[in-house]
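User: Could you teach me how to read the features of a model like this one? Please start wherever you like.

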Amino acid sequence: MRGLLITGGAGFIGSNFVRYILQKYPDYRVVVYDKLTYAGNLENLKDVARDFAGRYAFVRGDIVEAEKVRAVIREHQVNAIVNFAAATHVDRSLMEPDEFIRTDVYGTYVLLEATRELGLERMHQVSTDEVYGQVLEGRAGEDAPLHTRSPYAASKAGGDLLCLSYFASFGVPVTITRGANNIGPYQYPEKVVPLFITNAIDQQPLPLYGDGMQMRDYQYVLDHCEGVDLVLQRGEPGQVYNIGTGVETHNIVMARAILDLLGKPYSLIRSVPDRPGHDRRYALEVSKIRALGRQSSHSFAQALEETVHWYVKNEWWWRPIKNGEHYRAYYQQQYDQRLARGQAVAE
């Protein structure tokens, strides 16, 4: 699998994976195929284009464009696909669910068809722990029922089920990873951790949904990349692998930890009305991927500290995004009324 097509490779996790793969495997070639929507950003790959010019190529395109996908695979002699391309973020899926179904379900179908028809060695589907829904007790193993509570989660579950059906029906060599929440460099600042970091830097309120007692497994993005690579190399086709740390943190604890790292007061935290269908807790059983030899390199504290430091040092990257018309329009729609009705969280 030395010729990889990495769809969504200009996004947050995808760009980190591209960099990781090219650094680790000197004989690999990578083609990034990305639509460059609001979260896809060639700035994420600027150093990659410079440092790996002979082994890296970029093609702008949508994964729903079947003929273009096949043409790129043929032209660049691709023999495996890693699919990071997805419409993401629960809040956005509540505003425009049609885009999520189109990309996350139909786009996955297009990639599966290309894998089948062109006889590729592997298609790897990057999915999410949100397909399990909220896990109030215990942990969700890979065979747990899917219980989606947002259009985003439902669209990702639909893509996963298509992948498994193509393995069962046609023998397409597909693997799936379901990752916990990622944090780290190049994450679009509408997501909660970079949103809170950049707001805190600017002395702006941190809009915390509800009581902030929702629990998430926050893993460092490069740990996730290592897990995806491990499954790509050693995972069994037709199988699903959860990737996470196995440790959950309350969102209010995360918010306070960010403020501690930045030396900012807790009074910046603002409790705002919760979003519809907000899952209370995600928790993954990760023994299956650990059996392949995977261990997380970063604790939550280490991952958060590295993430905060990256945003402090790289204002050149996120400041133009937050000042852009697209981001400001989204932020106003999502938070202005909530913040007006919000309340300061007692320290």
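Analyst: Let's start with a single side chain: Gln334 is in contact with Asp91, Met95 and Tyr209, setting aside neighbours within four places in sequence. Contact here means heavy atoms within 4.5 Å. The model is predicted, so local features need pLDDT of at least 70 and side-chain atom pairs count only at pLDDT 80 or more, while totals for chains, interfaces and linings use all residues. Residues are numbered from 1 along each chain as its sequence is written, and side-chain values use heavy atoms, with hydrogens and water left out.

User: Where is Gln334 found, and is Gln334 buried or exposed?

Analyst: Helices (DSSP runs of H or I, at least four residues) and strands (runs of E, at least two) are numbered from the N terminus. Gln334 belongs to helix H13, residues 325–341. For burial, the cut-offs are under 20% relative accessible area for buried, over 50% for exposed, and partly exposed in between, with a 1.4 Å probe and protein chains only. Gln334 has 6% relative accessibility, so it counts as buried.

User: In what order do the strands of the sheet run?

Analyst: Two strands pair if DSSP finds at least two bridges between them. Here seven strands make an open sheet with parallel pairing, ordered E3-E2-E1-E4-E5-E6-E11. Strands E3 (56–60) and E11 (240–243) are at the edges with a single partner strand each, so one side of each has no neighbour in the sheet. From one strand to the next, the twist averages 20 degrees; angles run from 0 to 180 degrees between N-to-C directions, and axes are lines fitted to C-alpha atoms, for helices over the stretch in contact.

User: How many bridges join each edge strand to its partner?

Analyst: E6 (residues 174–179) and E11 run parallel and are joined by four bridges, with Thr177 opposite Tyr241 in E11. At the other edge, E2 and E3 pair in the parallel sense over five bridges, and Tyr33 stands opposite Val59 in E3. Between E2 and E3 the chain passes through helix H2 (residues 46–51), a right-handed β-α-β crossover. Right-handed means that, with the strands pointing away from the viewer, the path from the first strand over the helix to the second runs clockwise.

User: Which residues does Asp47 in H2 touch?

Analyst: Asp47, which lies in H2, touches Arg19 and Tyr186, not counting residues up to four places away in sequence. Asp47 and Arg19 are 28 residues apart in sequence, yet 8.8 Å apart in space, C-alpha to C-alpha.

User: Arg19 is in H1, isn't that listed among buried residues? Which residues of H1 are buried?

Analyst: Phe12, Gly14, Ser15, Asn16, Phe17, Val18, Arg19, Tyr20, Ile21 and Leu22. That is 10 of the 13 residues of H1, so the helix is largely enclosed by the rest of the structure. To check its length, take 1.5 Å times one less than the number of residues: H1 (residues 12–24) reaches 19 Å from first C-alpha to last, close to the expected 18 Å.

User: Which residues of H11 are buried?

Analyst: In H11, Phe300, Ala303, Leu304, Thr307, Val308, Trp310 and Tyr311 are buried. Seen down the axis, they fall within an arc of 160 degrees, so they line one face of the helix; the arc is taken from the directions from the helix axis to the C-beta atoms. Exposed Ala301 and Lys313 are on the face turned away from the buried side. The cover over the buried residues includes helices H7 (192–201), H9 (251–262) and H12 (315–323).

User: Which strands do helices H3 and H5 lie across?

Analyst: H3 (residues 66–75) lies across E1, E2, E3 and E4, at about 165 degrees to E2. H5 (residues 97–118) lies across E1, E4, E5 and E6, at about 160 degrees to E5. Within H5 sits Leu111, which counts as buried at 0% relative accessibility. Its contacts beyond four places in sequence are Thr7, Ile63, Val69, Ile81, Asn83 and Met123.

User: What is the phi of Gln77, and what is the phi of Gln203?

Analyst: Most residues other than glycine have a negative phi. Gln77 has a positive phi near 50 degrees; it is in the loop between H3 and E4 and is exposed, at 60% relative accessible area. Gln203 has a positive phi near 60 degrees; it is in the loop between H7 and strand E8 (206–209) and is partly exposed, at 41%.
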